[in-house]
Amino acid sequence: MYAGHGLRKKQARQTARSIIPRWLLHLSIFAIFQLLFILFDGSRMWIIFNLNDNGEKMVSLLRPLFDGIQFYASEQLNYVTVVWGIVVVVHGVVSLVEWMQNKK
């Protein structure tokens, strides 16, 4: 065994330790924003989430998904929640796969 092997193993362990906390931070931020959304649902301040033309196209493509999930009175908050929720789940799956690969 050569010295480089031990170094790679140590780097893999450090990477594995940092993957899950990053996802937990992402999940925590998502949860905090969900609490803010609950507190300020129905407020006019969420108009900041107005979409540009590309965003409108994306919404029309994903309309069936958005129509099925209605957490908030504000349509904008529902869109943000669904998109961000998908991102959190994908990030979690990718983090889990990376963690499993680095664990070996």
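Let's start at L36, which sits in helix α1, a stretch covering residues 3-40. Keep in mind as you look around that this is a predicted model. L36 counts as partly exposed because its relative accessibility is 32%, and partly exposed covers values between 20% and 50%. L36 also has company: together with L25, I29, I32, F33, L39 and F40, L36 forms a nonpolar patch on the surface. The accessible area of this patch adds up to about 640 Å².

Now let's move to helix α3, which spans residues 75-103. Helix α3 is made of 29 residues, and from its first C-alpha to its last it reaches 42 Å. That is close to the 42 Å expected at 1.5 Å a residue. Several residues of α3 are buried, among them L77, Y79, V82, W84, V88 and G92. N78, V80, T81 and S95 are on that list of buried residues too.

Two of these are worth a visit. T81 belongs to helix α3, and T81 counts as buried because its relative accessibility is 6%, where buried means under 20%. What does T81 touch, leaving aside its neighbours within four places in sequence? The residues in contact with T81 are F30, Q34, F37, F71 and Y72.

Further along the helix comes S95, also a member of α3. With a relative accessibility of 3%, S95 is therefore counted as buried. Which residues is S95 in contact with, once its neighbours within four places in sequence are left aside? Here you will find I19, I20 and W23.

Technical notes:
Residues are numbered from 1 along each chain as its sequence is written. This is a predicted model: local features need pLDDT of at least 70, side-chain atom pairs count only at pLDDT 80 or more; totals for chains, interfaces and linings use all residues. Side-chain values use heavy atoms; hydrogens and water are left out. Helices (H or I, at least four residues) and strands (E, at least two) are DSSP runs, numbered from the N terminus. Buried means under 20% relative accessible area, exposed over 50%, partly exposed in between (1.4 Å probe, protein chains only). Contact means heavy atoms within 4.5 Å. Patches are made of residues with over 30% relative accessible area and no salt bridge: like charges are joined within 9 Å, nonpolar side chains (Val, Leu, Ile, Met, Phe, Trp, Tyr) within 5 Å. Accessible areas come from the Shrake-Rupley method with a 1.4 Å probe; for residues, only the protein chains shown count as cover. A salt bridge is a side-chain nitrogen of Lys or Arg within 4 Å of a carboxyl oxygen of Asp or Glu. The expected span of a helix is 1.5 Å times one less than its number of residues.
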